[in-house]
Amino acid sequence: MGANSSSICELPENEYLKRLSGAEAVSENDPFWNQLLSFSFTAPTSSAELKLLEEATISICKSLVENNPRTGNLGALIKVFLSRTKELKISAECQNHLFIWQAHNALFIICCLLKVFMCQMSEEELQLHFTYEERMPGSYGVECEDLTEELLCCLIQLIVEIPLLDITYSISLEAVTTLVVFLSCQLFHKEILRESVIHKYLMRGRCLPYTSRLVKTLLYNFIRQERSPPPGSHVFQQQTDGGGLLYGFASGVATGLWTVFTLGGVGSKPAPQQEQSSPLANQSLLLLLVLANLTDAPDTPNPYRQAIMSFKNTQDSTAFPSPSPHAFQINFNSLYTALCEQQKSDQATLLLYILLHQNSNVRTYMLARTDMENLVLPILEILYHVEERNSHHVYMALIILLILTEDDGFNRSIHEVILKNITWYSERVLTEISLGSLLILVVIRTIQYNMTRTRDKYLHTNCLAALANMSAQFRSLHQYAAQRIISLFSLLSKKHNKVLEQATQTLRGSLSSDDSPLPDYAQDLNVIEEVIRMMLEIINSCLTNSLHHNPNLVYALLYKRDLFEQFRTHPSFQDIMQNIDLVISFFSSRLEQAGAQLSVERVLEIIKQGAVALPKDRLRKFPELKFKYVEEEQPEEFFIPYVWSLVYNSAVALYWNPQDIQLFTMDSG
């Protein structure tokens, strides 16, 4: 790009870029590279300018694609970068700003070129471009060393070995971004890639030994949330009068080049604050999620997933089970804190899901924490603001709750944590409530939202499964939580009656008309009855296991006792209604004996006394309600498009043309 490039619009006519992409071969030892790599330009200030950068890069790329088979200039550029990275660690320790600056600029150009190449050609064609070298007219030449693997390995080494300082922040971010771009071939295929050239390089050969160190470094980047250094603190200050190699570097690159990656793509939403403050943390997390979701090779399981599944706490001195080829240790307390603080982003919630689901060490540690509210409250807030979240984020939050509720210790402890003044819960002022009661309120609210809006059976099932897992350990339910349980049952009851009435009317009408097909009310009725059955089992489980701990639920049950009449003789509910009917009859009788005009306090007192007097053997025992989360078959069909949609929409990712994306459906705009 050269020292005199000052704006994006000038790039297509830049003499250095034209020479790079032109018909003349440039030796890797040519002084030209020092000129090309000493550049700066005004930072893009809008998504339109970021798109302009993309368009400018495409014009250079087209020329390079045409000429590179004869010149080998792409390979020469990569070799220049590789030669400079050999001294990067020493340069960082010696504060050699100039050396790091030029290495960063070389990688920036490689990344921009690579991104356009990935859009326009197959991985096999891309690999060919890495192998071309200068060829004289009439000669066939020979293929050079495997630059693809060498570059990938170099990027990984840069990420794991170069210390993160102000002067190395931008090149560390660039290395992570370039790896994401290398893997972006998936974006341009509708089908999940199960065989990929880049995947093979990352899972085998020279890259494989770095697996655990790469995963560990990416996790620590996420944990540390290092902010972008202030402009001028990580760059080589201007030291010449006339500009030359360092012209405009402090004012241009510092506020320009790496800042490109804190801007969104065309039509994207403004970046969340955490992405703006730590682009390296966000990009590292995205790369980690991409690596974790690479498909297994036929003969090789994904080593990055293995590393994520097996790492342990730094305070855990027990030996790793054998074999554990990619195991490592990390500070679980720091990881837990970062996960609690970052749950507003989809990618942090997805990471939490992966760790809870796949790493038993992390799951055991988190369930043993005495401050689980720090993790659970952000998850509940995601569900509470369901209207503002995408469906995938809601699913991840819900499945996290389901996984947590599989543990009886968790289900007991959440009722012992008392919260005060939950400001984000707006339906009712909650001055004091247990974490368990709040969890019940939010899950029930999610069910009701789903019933009226999305009508997703999968979401219903997981909500009810979480409530069912908790039901035997319900303790001291808040009166509002108890009311909402019965209100949900009331809503389901009305819906059941409505569908039943519609089915009856349709059946009568069909007797006089043979032409029109009948709506499938039987299926609707079956679904509603399944949900009603589940709610009755949840209420029954609480009454059977912890009646004396939940006077507010008994009170709500008695207040709405008429709701349950129609289900007493229903063949689908007769068995489960026995205990509920017994409790209603028993306490109704005691209240009648106490007389009329009883205050709420007096009714609760009678219920508490009656709970002690009720013989436990009169309540029929049912199998314990326990639901375990089981991942869908071929989970990659869900997770890979989801992860790449996060990459595409991230505020720190490069711009991709929406028309090029094949993996998922693009929203308009």
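**Exercise 1.** In this predicted model, E537 and R533 both lie in helix α25 (residues 521-546); state how many residues apart they are and what that amounts to along the helix, then determine how their side chains meet and whether E537 is buried or exposed.

*Solution.* Begin with the spacing: E537 and R533 are four residues apart, which is about one turn of helix α25. Next, turn to the side chains, where E537 and R533 meet in a salt bridge with an N to O distance of 3.1 Å, a value that falls within the 4 Å cut-off. Finally, E537 has a relative accessible area of 18%, and because buried means under 20%, E537 is classed as buried.

**Exercise 2.** Identify the residue with which R19 forms a salt bridge, locate both partners in the chain, and classify the accessibility of each.

*Solution.* The partner of R19 is D30, with the closest N and O atoms 3.3 Å apart. This pair links distant parts of the chain, since R19 belongs to helix α1 (residues 15-21), whereas D30, eleven residues away, sits in the loop between α1 and α2 (32-36). For accessibility, R19 has a relative accessible area of 26% and D30 one of 24%; because partly exposed covers the range between 20% and 50%, R19 is partly exposed, and D30 likewise counts as partly exposed. As a last step, R19 and D30 are linked with E24 in a network of salt bridges.

**Exercise 3.** Describe the contact between the side chains of R369 and D371, and decide whether these residues are buried or exposed.

*Solution.* The side chains of R369 and D371 meet in a salt bridge at 2.9 Å, N to O, and both R369 and D371 are buried. The count of salt bridges in the model comes to 20.

Methods. Residues are numbered from 1 along each chain as its sequence is written. This is a predicted model: local features need pLDDT of at least 70, side-chain atom pairs count only at pLDDT 80 or more; totals for chains, interfaces and linings use all residues. Side-chain values use heavy atoms; hydrogens and water are left out. Helices (H or I, at least four residues) and strands (E, at least two) are DSSP runs, numbered from the N terminus. Buried means under 20% relative accessible area, exposed over 50%, partly exposed in between (1.4 Å probe, protein chains only).
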